[in-house]
Amino acid sequence: MRVVRALIIATVMVLSSGPAYSAEHTLIMHHMELEEITVPVRVGDVVNFDNRSDMTHNLYVTYSDGTVDNLDTQVPGTQRKLTLRVAGPAIIKCWIHPIIRLEMEIAPKDAPAAP
Amino acid sequence: MTFRRALSCSIIVSSVATFLTVVARGNELTTGVESSAGSARMSAAAIDELKVKFRRPTSIPFPKSNPFDEKKKELGRTLFFDPRLSVTGSVSCASCHDPNIGWTDGLARGVGVTGVPLPRRTPGIVDAAWLTALMWDGRADTLEQQAAMPITAEHEMGMPLDGLTKRLNEIDGYKSLFEAVFPGKEINAKNAIAALATYERTLVSNKSSFDRWIDGDASAISAAARRGFVVFNSTGRCNKCHSGWRFTDDSFHDIGLRSEDIGRGKFAPPSVTIMKHAFKTPSLRNARMSGPYMHNGSMKTMEEVLDHYEKGGELRPSLSPEMKPVKLSRQEKDDLLAFLKTLGGPPLADKGPELP
């Protein structure tokens, strides 16, 4: 019982600690475009890439330091999650469809959380 | 009810049903919405909705960094046809992108200054202004980047960019042409390439019978071609990649051709399996009905191409998920071929300028 109580307190502390809390966002993939995330995103946030188009995509994120995170191939109806790693401007593109491009500003981990 | 009366009722009901079916099918057929084999059907409303996606744009997009200018276009045109841009002085851009052969060379694999066959077929350049990725493997993002690649490639034109600058400065006739476009600036390869890209953007396909049909002329294409349009956008699955007015979404796919060439896989991290053997979806506008086809020119006839898509390509981890075997009847294939022929408008001609 003590252990459970301790866990609950720890969870509450993590959730209430403001900037350290990581949020999850959904980024919807349409036919040839990505729906912009309208709230600020931070390092440590998780983006859930949701392919609601009728075609296969394979997205990748290029961070401001030049490093790249590749998502796996996503057939229609599938989701992939990615934890954002680097603060600064990032570009999301598709290996299969170069016309797809979305720019995103990633705030540092300790930036204020989205309202 | 007696048997005879029941039989009469049955015959009447059956006749009415048959009549209604015939009327309904007649409406479908007169609007040309049913494919010959009956497996690919589309309502008139669905076709009208689809046709909107194939409308041609009304203007050419030019980038802010390299805006259109008539004199720049003319300079680019002159450079395009000038073989002195190659190291040997024997190969111009127009040698491989020959206006008389649909702005390609008609070869399975191109040949440049060294005579060594190039690894891939010469791609068409008409409607290049709208491309979002260039070269078979997409290694260029803009026409300005692309234009320098064949000039400098060892087996194509073999001319280093500083060599190009030097060569152009040695030709007196270019002085006034460059001065008119880039006043007060020295002649250099960068400006030459900007002019080449500008000229290439003006190479726009002429309207075809398909475009007239899209614009509302119902009789512009045959019933077979209209059925082919339905097959193209349904059971044939061609529109999965050959979509939009240029009949390409500039996407990259491994379509299962046997080849050592890994295409876009050279530029993607090894973990991106799907890019191995992936090449750009080519436009189908003005596709030479005489071939050759595919990035490596490995297919000689359009019939062979259709057979390949029916089989679905070589099974391997990189094979595009869009590559699913399709079953087409003889009639559907003929309809598809009739449709593809409607995408070719009058040839885009250019006899080339007088060289300085």
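**Exercise 1. Strand partners around β8(A)**

Which residue of β8(A) does A:Val41 stand opposite? Work out, too, how β8(A) is joined to its partner strands.

*Solution.* Keep in mind that this is a predicted model.

- Step 1. Start with the residue itself: opposite A:Val41 in β8(A) you will find A:Ile106.
- Step 2. Now look at the strands. β2 (residues 41-42) and β8 (residues 101-107) of chain A run parallel and are joined by 2 bridges.
- Step 3. Turn to β7 (residues 88-94) of chain A, which runs antiparallel to β8(A) with 6 bridges between them. Here A:Ile91 stands opposite A:Glu103 of β8(A).
- Step 4. Follow the chain from β7(A) to β8(A): the link is a hairpin through 6 residues.

**Exercise 2. An open sheet in chain A**

Find the order of the strands in the open sheet that contains β3 of chain A, and say which strands stand at its edges.

*Solution.*

- Step 1. The open sheet has 3 strands in the order β1-β3-β6 (chain A), with mixed pairing.
- Step 2. In chain A, β1 (24-29) and β6 (79-83) each have a single partner strand, so they stand at the edges and one side of each lacks a neighbour in the sheet.
- Step 3. From one strand to the next, the twist averages 25 degrees.
- Step 4. Zoom in on one pair: β3 (residues 46-51) of chain A meets β6(A) in the antiparallel sense over 5 bridges. A:Asp50 has A:Gln79 in β6(A) as its bridge partner.

**Exercise 3. Two nonpolar cores**

Identify the residues that touch the most other members of the largest nonpolar core, then trace the helices that supply it.

*Solution.*

- Step 1. The largest nonpolar core holds 37 residues, and B:Ala192 and B:Leu196 touch the most other members.
- Step 2. At least two residues of this core come from each of these helices of chain B: α3 (70-80), α5 (143-152), α6 (161-169), α7 (173-181) and α8 (189-201).
- Step 3. α8(B) gives the largest share, 8 residues.
- Step 4. Leaving out residues up to four places away in sequence, B:Leu196 touches B:Gly76, B:Leu79, B:Phe80 and B:Ala147.
- Step 5. There is also a second, separate core of 26 residues; A:Val47, A:Ile92, B:Val272 and B:Ala278 are among them.

**Exercise 4. Where the chains meet**

How many residues does the contact take from chain A and from chain B?

*Solution.*

- Step 1. Chain A gives 12 residues to the contact and chain B gives 17 residues.
- Step 2. Sort the side of chain B that touches chain A by residue type: 8 are nonpolar, 5 polar and 4 charged.

Terms used
Residues are numbered from 1 along each chain as its sequence is written. Chains are lettered from A and ligands numbered from 1 in the order in which they are written. This is a predicted model: local features need pLDDT of at least 70, side-chain atom pairs count only at pLDDT 80 or more; totals for chains, interfaces and linings use all residues. Two residues are in contact if their C-beta atoms, placed from the backbone, lie within 7 Å. Ala, Val, Leu, Ile, Met, Phe, Trp, Tyr, Cys and Pro count as nonpolar, Asp, Glu, Lys and Arg as charged, and the others, Gly among them, as polar. Two strands pair if DSSP finds at least two bridges between them. Helices (H or I, at least four residues) and strands (E, at least two) are DSSP runs, numbered from the N terminus. Axes are lines fitted to C-alpha atoms, for helices over the stretch in contact, and angles run from 0 to 180 degrees between N-to-C directions. A nonpolar core is a set of buried Ala, Val, Leu, Ile, Met, Phe, Trp, Tyr and Cys residues joined through C-beta atoms within 7 Å. A residue is buried if 20 or more other C-beta atoms lie within 10 Å of its own, exposed if 12 or fewer, and partly exposed in between; C-beta atoms are placed from the backbone.
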